[in-house]
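Visitor: Hey, could you walk me through this one? I'd like to get my bearings before I set anything up.

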Amino acid sequence: MLEVIQVGAVTVTRLYGCTRRDQYELRAPRPFPSQLRDRLEVGRASRGGPDLYVIDEPGAFQLTVAPKSARALMMPRLTTPLESQRDTALSLAGIVDELLLEAPR
Amino acid sequence: MAIHERAIIEAVSGLGFAGNEEGLIPAFGLYLTKHFADYYNRISYALLGDFIRRAPELEEDARALLIEAGRVCSFHTFGGIMTSVEWDAVVRPMIESREDWVLGMVAVVNALGWGRWEVKSLEANERLVLTVHDSYEATGYVRDYPRAKEPRCYLAAGGVAGLMNLVYQGDITARPTFSEAYYLEIFRSPRTFAARETRCLAMGDSCCEIVAERDPI
(Lines give C-alpha, C1' and ligand atoms only; values in the text may rest on other atoms or scores of the structure.)
Protein backbone atom coordinates (compact mmCIF):
# COMPACT_ATOMS: atom_id res chain seq x y z
CA MET A 1 0.00 0.00 0.00
CA LEU A 2 1.47 3.34 -1.06
CA GLU A 3 -1.09 5.94 -0.10
CA VAL A 4 -4.61 6.38 1.24
CA ILE A 5 -6.57 9.37 -0.02
CA GLN A 6 -10.02 10.42 1.12
CA VAL A 7 -12.36 11.86 -1.52
CA GLY A 8 -15.46 12.77 0.43
CA ALA A 9 -16.96 9.46 1.53
CA VAL A 10 -14.76 7.45 -0.80
CA THR A 11 -11.47 5.97 0.39
CA VAL A 12 -8.93 5.59 -2.38
CA THR A 13 -6.03 3.25 -1.69
CA ARG A 14 -3.06 3.38 -4.02
CA LEU A 15 -1.45 -0.04 -4.30
CA TYR A 16 1.93 -0.77 -5.80
CA GLY A 17 1.69 -2.52 -9.15
CA CYS A 18 5.06 -2.09 -10.85
CA THR A 19 7.41 0.78 -11.62
CA ARG A 20 5.10 2.08 -14.33
CA ARG A 21 1.65 1.69 -12.87
CA ASP A 22 -0.18 1.52 -9.59
CA GLN A 23 -3.61 0.15 -8.81
CA TYR A 24 -6.31 2.16 -7.12
CA GLU A 25 -8.97 0.63 -4.89
CA LEU A 26 -12.10 2.69 -4.24
CA ARG A 27 -14.23 1.87 -1.22
CA ALA A 28 -17.29 3.55 0.24
CA PRO A 29 -19.24 3.06 3.46
CA ARG A 30 -22.39 2.06 1.58
CA PRO A 31 -23.24 0.45 -1.77
CA PHE A 32 -22.52 2.40 -4.92
CA PRO A 33 -25.69 3.91 -6.46
CA SER A 34 -27.08 2.20 -9.57
CA GLN A 35 -26.70 5.47 -11.51
CA LEU A 36 -22.94 5.11 -11.26
CA ARG A 37 -22.75 2.75 -14.20
CA ASP A 38 -24.66 5.13 -16.45
CA ARG A 39 -22.26 7.94 -15.53
CA LEU A 40 -19.15 5.87 -16.07
CA GLU A 41 -20.34 4.36 -19.34
CA VAL A 42 -20.42 7.67 -21.20
CA GLY A 43 -17.83 7.37 -23.96
CA ARG A 44 -16.51 4.10 -22.59
CA ALA A 45 -17.11 0.41 -23.15
CA SER A 46 -18.77 -1.63 -20.41
CA ARG A 47 -19.58 -5.27 -19.84
CA GLY A 48 -20.96 -7.49 -17.09
CA GLY A 49 -24.18 -7.42 -15.06
CA PRO A 50 -25.56 -5.16 -12.32
CA ASP A 51 -23.68 -6.92 -9.50
CA LEU A 52 -20.32 -6.86 -11.22
CA TYR A 53 -19.32 -4.83 -14.22
CA VAL A 54 -16.24 -3.55 -15.98
CA ILE A 55 -15.74 -0.11 -17.49
CA ASP A 56 -12.94 0.09 -20.02
CA GLU A 57 -11.33 3.11 -21.58
CA PRO A 58 -8.74 1.93 -24.11
CA GLY A 59 -5.38 3.57 -23.60
CA ALA A 60 -6.38 4.79 -20.15
CA PHE A 61 -7.75 2.30 -17.59
CA GLN A 62 -10.09 -0.51 -16.66
CA LEU A 63 -12.40 -0.15 -13.68
CA THR A 64 -13.97 -3.26 -12.14
CA VAL A 65 -16.97 -2.42 -9.98
CA ALA A 66 -18.79 -4.44 -7.33
CA PRO A 67 -21.54 -1.93 -6.41
CA LYS A 68 -23.15 -3.89 -3.57
CA SER A 69 -19.76 -4.42 -1.95
CA ALA A 70 -19.05 -0.69 -2.40
CA ARG A 71 -15.72 -1.59 -3.93
CA ALA A 72 -14.01 -0.91 -7.24
CA LEU A 73 -10.51 -1.38 -8.60
CA MET A 74 -8.90 0.79 -11.25
CA MET A 75 -6.12 -0.81 -13.26
CA PRO A 76 -4.41 1.82 -15.43
CA ARG A 77 -2.76 1.10 -18.77
CA LEU A 78 1.04 1.08 -18.85
CA THR A 79 1.21 3.96 -21.31
CA THR A 80 -0.32 6.48 -18.91
CA PRO A 81 2.00 8.48 -16.64
CA LEU A 82 1.81 7.70 -12.91
CA GLU A 83 0.52 11.17 -12.05
CA SER A 84 -2.23 10.88 -14.64
CA GLN A 85 -3.22 7.49 -13.21
CA ARG A 86 -3.65 9.12 -9.83
CA ASP A 87 -5.66 12.01 -11.27
CA THR A 88 -7.99 9.58 -13.05
CA ALA A 89 -8.53 7.53 -9.89
CA LEU A 90 -9.38 10.65 -7.88
CA SER A 91 -11.72 11.84 -10.61
CA LEU A 92 -13.56 8.50 -10.58
CA ALA A 93 -13.73 8.63 -6.79
CA GLY A 94 -15.23 12.10 -7.10
CA ILE A 95 -18.00 10.75 -9.30
CA VAL A 96 -18.77 7.99 -6.81
CA ASP A 97 -18.81 10.46 -3.93
CA GLU A 98 -21.07 12.85 -5.81
CA LEU A 99 -23.60 10.11 -6.54
CA LEU A 100 -23.44 8.84 -2.97
CA LEU A 101 -24.36 12.32 -1.75
CA GLU A 102 -27.29 12.47 -4.17
CA ALA A 103 -28.56 8.95 -3.50
CA PRO A 104 -31.17 8.44 -0.80
CA ARG A 105 -29.86 6.58 2.23
CA MET B 1 -22.72 -26.17 0.56
CA ALA B 2 -23.64 -22.67 -0.48
CA ILE B 3 -21.43 -22.35 -3.54
CA HIS B 4 -23.33 -22.33 -6.82
CA GLU B 5 -20.69 -23.14 -9.37
CA ARG B 6 -22.87 -22.49 -12.40
CA ALA B 7 -23.71 -18.98 -11.18
CA ILE B 8 -20.03 -18.26 -10.63
CA ILE B 9 -19.07 -19.54 -14.07
CA GLU B 10 -21.82 -17.47 -15.70
CA ALA B 11 -20.84 -14.32 -13.83
CA VAL B 12 -17.14 -14.69 -14.58
CA SER B 13 -17.79 -15.64 -18.20
CA GLY B 14 -20.07 -12.60 -18.52
CA LEU B 15 -17.09 -10.34 -17.97
CA GLY B 16 -15.76 -11.45 -21.36
CA PHE B 17 -12.11 -11.84 -20.53
CA ALA B 18 -10.05 -10.82 -23.54
CA GLY B 19 -6.71 -9.19 -24.07
CA ASN B 20 -6.65 -5.40 -24.31
CA GLU B 21 -4.39 -3.36 -26.61
CA GLU B 22 -1.49 -4.12 -24.24
CA GLY B 23 -2.03 -7.85 -24.76
CA LEU B 24 -3.00 -8.26 -21.11
CA ILE B 25 -6.24 -9.24 -19.39
CA PRO B 26 -6.78 -7.10 -16.30
CA ALA B 27 -8.96 -9.28 -14.07
CA PHE B 28 -9.15 -10.17 -10.38
CA GLY B 29 -6.66 -7.40 -9.65
CA LEU B 30 -4.13 -9.34 -11.74
CA TYR B 31 -2.75 -9.02 -15.24
CA LEU B 32 -3.54 -12.32 -16.89
CA THR B 33 -2.41 -13.47 -20.30
CA LYS B 34 -4.00 -15.80 -22.77
CA HIS B 35 -1.55 -18.08 -24.46
CA PHE B 36 -1.26 -21.60 -25.78
CA ALA B 37 -1.28 -24.28 -23.09
CA ASP B 38 1.33 -26.04 -25.20
CA TYR B 39 3.68 -23.12 -24.64
CA TYR B 40 3.77 -23.90 -20.93
CA ASN B 41 3.73 -27.66 -21.51
CA ARG B 42 6.66 -27.69 -23.91
CA ILE B 43 8.79 -25.57 -21.61
CA SER B 44 8.09 -27.61 -18.50
CA TYR B 45 8.45 -31.02 -20.12
CA ALA B 46 11.60 -29.90 -21.96
CA LEU B 47 13.03 -28.79 -18.62
CA LEU B 48 12.24 -32.16 -17.09
CA GLY B 49 13.67 -33.97 -20.14
CA ASP B 50 16.89 -31.97 -19.94
CA PHE B 51 17.31 -32.83 -16.28
CA ILE B 52 16.76 -36.53 -17.03
CA ARG B 53 19.29 -36.51 -19.89
CA ARG B 54 21.98 -34.36 -18.32
CA ALA B 55 21.63 -35.03 -14.61
CA PRO B 56 19.32 -37.99 -14.02
CA GLU B 57 20.10 -37.92 -10.32
CA LEU B 58 18.26 -34.59 -10.18
CA GLU B 59 15.02 -35.78 -11.81
CA GLU B 60 13.07 -35.50 -8.56
CA ASP B 61 14.47 -32.01 -8.02
CA ALA B 62 13.17 -31.00 -11.44
CA ARG B 63 9.69 -32.25 -10.56
CA ALA B 64 9.90 -30.40 -7.24
CA LEU B 65 10.85 -27.19 -9.06
CA LEU B 66 7.89 -27.45 -11.42
CA ILE B 67 5.50 -28.10 -8.53
CA GLU B 68 7.04 -25.20 -6.63
CA ALA B 69 6.30 -22.98 -9.64
CA GLY B 70 2.67 -24.05 -9.25
CA ARG B 71 2.71 -23.20 -5.55
CA VAL B 72 4.11 -19.74 -6.19
CA CYS B 73 1.64 -19.23 -9.01
CA SER B 74 -1.29 -20.21 -6.83
CA PHE B 75 -0.09 -18.00 -3.99
CA HIS B 76 -0.30 -14.92 -6.21
CA THR B 77 -3.07 -15.93 -8.62
CA PHE B 78 -5.49 -17.68 -6.27
CA GLY B 79 -4.60 -15.21 -3.54
CA GLY B 80 -5.31 -12.31 -5.88
CA ILE B 81 -8.58 -13.83 -7.03
CA MET B 82 -9.83 -14.52 -3.50
CA THR B 83 -9.21 -10.93 -2.44
CA SER B 84 -10.51 -9.34 -5.64
CA VAL B 85 -13.46 -7.11 -6.42
CA GLU B 86 -14.84 -9.91 -8.61
CA TRP B 87 -14.68 -12.36 -5.71
CA ASP B 88 -16.46 -9.91 -3.40
CA ALA B 89 -19.24 -9.44 -5.93
CA VAL B 90 -19.79 -13.00 -7.08
CA VAL B 91 -18.41 -15.59 -4.68
CA ARG B 92 -18.22 -13.98 -1.27
CA PRO B 93 -22.00 -13.59 -0.88
CA MET B 94 -22.29 -17.38 -1.22
CA ILE B 95 -19.66 -18.21 1.38
CA GLU B 96 -20.86 -19.74 4.64
CA SER B 97 -17.77 -21.60 5.79
CA ARG B 98 -14.03 -21.73 5.26
CA GLU B 99 -14.54 -24.79 3.06
CA ASP B 100 -16.61 -22.63 0.73
CA TRP B 101 -13.47 -20.62 -0.02
CA VAL B 102 -11.97 -23.79 -1.52
CA LEU B 103 -15.14 -24.64 -3.46
CA GLY B 104 -15.53 -21.07 -4.68
CA MET B 105 -11.96 -20.98 -5.95
CA VAL B 106 -12.47 -24.29 -7.77
CA ALA B 107 -15.55 -22.80 -9.46
CA VAL B 108 -13.52 -19.82 -10.65
CA VAL B 109 -10.83 -22.18 -11.98
CA ASN B 110 -13.54 -23.91 -13.98
CA ALA B 111 -14.65 -20.57 -15.40
CA LEU B 112 -11.10 -19.91 -16.57
CA GLY B 113 -10.83 -23.14 -18.57
CA TRP B 114 -7.82 -24.83 -17.00
CA GLY B 115 -9.53 -28.21 -17.22
CA ARG B 116 -12.55 -29.32 -15.23
CA TRP B 117 -11.75 -29.41 -11.52
CA GLU B 118 -14.03 -31.39 -9.23
CA VAL B 119 -13.74 -31.66 -5.46
CA LYS B 120 -14.19 -35.31 -4.48
CA SER B 121 -13.70 -34.81 -0.75
CA LEU B 122 -12.63 -32.01 1.54
CA GLU B 123 -11.73 -32.59 5.18
CA ALA B 124 -11.54 -29.20 6.85
CA ASN B 125 -7.99 -28.18 7.65
CA GLU B 126 -6.68 -31.65 6.75
CA ARG B 127 -7.13 -33.03 3.27
CA LEU B 128 -8.46 -32.27 -0.21
CA VAL B 129 -9.01 -34.84 -2.95
CA LEU B 130 -9.70 -33.28 -6.32
CA THR B 131 -10.00 -34.67 -9.83
CA VAL B 132 -9.11 -32.79 -12.97
CA HIS B 133 -10.84 -33.76 -16.19
CA ASP B 134 -9.15 -32.64 -19.42
CA SER B 135 -6.13 -31.31 -17.60
CA TYR B 136 -4.29 -29.22 -20.16
CA GLU B 137 -0.96 -30.43 -18.83
CA ALA B 138 -1.77 -34.14 -19.16
CA THR B 139 -3.70 -33.70 -22.41
CA GLY B 140 -0.73 -31.97 -24.00
CA TYR B 141 1.62 -34.59 -22.61
CA VAL B 142 -0.41 -37.50 -24.00
CA ARG B 143 -0.40 -35.96 -27.45
CA ASP B 144 3.33 -35.26 -27.63
CA TYR B 145 5.08 -37.85 -25.51
CA PRO B 146 4.99 -41.61 -24.76
CA ARG B 147 2.88 -42.81 -21.84
CA ALA B 148 4.35 -41.57 -18.59
CA LYS B 149 5.36 -43.70 -15.62
CA GLU B 150 4.87 -40.73 -13.31
CA PRO B 151 2.12 -38.11 -13.15
CA ARG B 152 2.67 -34.94 -15.13
CA CYS B 153 0.31 -32.23 -13.82
CA TYR B 154 2.89 -30.24 -11.93
CA LEU B 155 1.25 -26.83 -12.09
CA ALA B 156 -2.12 -28.23 -10.99
CA ALA B 157 -0.52 -30.16 -8.12
CA GLY B 158 1.28 -27.06 -6.91
CA GLY B 159 -1.91 -25.07 -7.36
CA VAL B 160 -3.99 -27.41 -5.22
CA ALA B 161 -1.38 -27.38 -2.45
CA GLY B 162 -1.30 -23.61 -2.68
CA LEU B 163 -5.04 -23.33 -2.41
CA MET B 164 -5.12 -25.39 0.80
CA ASN B 165 -2.25 -23.35 2.22
CA LEU B 166 -3.99 -20.06 1.48
CA VAL B 167 -7.22 -21.20 3.10
CA TYR B 168 -6.03 -23.28 6.06
CA GLN B 169 -2.34 -22.62 6.73
CA GLY B 170 -2.66 -18.91 6.09
CA ASP B 171 -5.85 -16.96 6.50
CA ILE B 172 -7.11 -15.76 3.16
CA THR B 173 -10.29 -14.51 4.83
CA ALA B 174 -8.21 -11.75 6.49
CA ARG B 175 -7.09 -10.36 3.09
CA PRO B 176 -3.35 -10.76 3.66
CA THR B 177 -0.67 -9.00 1.63
CA PHE B 178 0.96 -11.46 -0.73
CA SER B 179 4.55 -10.74 0.17
CA GLU B 180 7.55 -13.04 0.06
CA ALA B 181 7.53 -13.10 3.86
CA TYR B 182 3.93 -14.30 3.90
CA TYR B 183 4.73 -16.93 1.28
CA LEU B 184 7.59 -18.27 3.39
CA GLU B 185 5.41 -18.18 6.50
CA ILE B 186 2.72 -20.42 5.09
CA PHE B 187 4.59 -22.51 2.53
CA ARG B 188 7.65 -23.23 4.68
CA SER B 189 5.68 -23.96 7.80
CA PRO B 190 6.21 -27.40 9.36
CA ARG B 191 2.47 -27.95 8.79
CA THR B 192 2.36 -26.80 5.20
CA PHE B 193 0.18 -28.63 2.68
CA ALA B 194 1.84 -30.65 -0.06
CA ALA B 195 0.07 -32.25 -3.00
CA ARG B 196 0.69 -35.49 -4.85
CA GLU B 197 -0.97 -36.57 -8.04
CA THR B 198 -2.32 -40.08 -7.52
CA ARG B 199 -3.83 -40.62 -10.99
CA CYS B 200 -2.94 -38.95 -14.27
CA LEU B 201 -4.19 -39.03 -17.83
CA ALA B 202 -0.55 -39.08 -18.90
CA MET B 203 -0.19 -42.49 -17.17
CA GLY B 204 -3.27 -43.91 -18.87
CA ASP B 205 -5.79 -43.08 -16.14
CA SER B 206 -9.21 -41.75 -17.14
CA CYS B 207 -8.61 -38.45 -15.33
CA CYS B 208 -6.11 -36.84 -13.02
CA GLU B 209 -6.45 -36.92 -9.24
CA ILE B 210 -4.60 -34.69 -6.81
CA VAL B 211 -4.47 -35.18 -3.05
CA ALA B 212 -3.34 -32.33 -0.80
CA GLU B 213 -2.43 -33.13 2.79
CA ARG B 214 -0.31 -31.67 5.51
CA ASP B 215 3.14 -32.93 4.74
CA PRO B 216 6.17 -31.44 6.45
CA ILE B 217 9.03 -30.55 4.14
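Guide: Sure. A term to begin with: helices here are DSSP runs of H or I with at least four residues, numbered from the N terminus. Also, this is a predicted model.

Visitor: Okay, so which helix of chain B is Tyr39(B) found in?

Guide: Tyr39(B) belongs to helix 2 of chain B, residues 37-54.

Visitor: Buried or exposed, that Tyr39(B)?

Guide: Exposed, because its relative accessibility is 53% and the cut-off for exposed is over 50%. Together with Phe36(B) and Ile43(B), Tyr39(B) makes a nonpolar surface patch of about 400 Å².

Visitor: Switching to the inside: how many residues does the largest nonpolar core have?

Guide: 71 residues, and among those with the most contacts inside it are Phe28(B), Trp87(B) and Trp117(B). Helix 7 of chain B (residues 154-169) gives the largest share of this core, 11 residues. Apart from it there's another core of 26 residues, including Ile5(A) and Leu92(A).

Visitor: What is Phe28(B) in contact with, leaving aside neighbours within four places in sequence?

Guide: Val12(B), Phe17(B), Ile81(B) and Leu112(B) are among them, and so are Gly80(B) and Glu86(B).

Visitor: And Trp117(B), what does it stand opposite?

Guide: Val132(B), in strand 4 of chain B. Strand 3 (residues 116-123) and strand 4 (residues 127-133) of chain B run antiparallel, joined by seven bridges.

Visitor: How many residues sit between the strands in that hairpin?

Guide: Three, and in this hairpin Asn125(B) takes a positive phi near 65°.

Conventions
Residues numbered from 1 in each chain as written. Chains lettered and ligands numbered in written order. Predicted model: local features only at pLDDT ≥ 70, side-chain atom pairs only at ≥ 80, totals over all residues. Heavy atoms only, no water. Patch = residues over 30% accessible without salt bridge, like charges linked within 9 Å, V, L, I, M, F, W, Y side chains within 5 Å. Areas by Shrake-Rupley, 256 points an atom, 1.4 Å probe, with all protein chains shown as cover. Salt bridge = Lys/Arg side-chain N within 4 Å of Asp/Glu carboxyl O. Helix = DSSP H or I, 4+ residues; strand = E, 2+ residues; numbered from the N terminus. Buried < 20%, exposed > 50% of the residue type's maximum accessible area, 1.4 Å probe, protein only. Core = buried A, V, L, I, M, F, W, Y, C linked by side-chain atoms within 4.5 Å. Contact = heavy atoms within 4.5 Å. Pairing = 2+ DSSP bridges.
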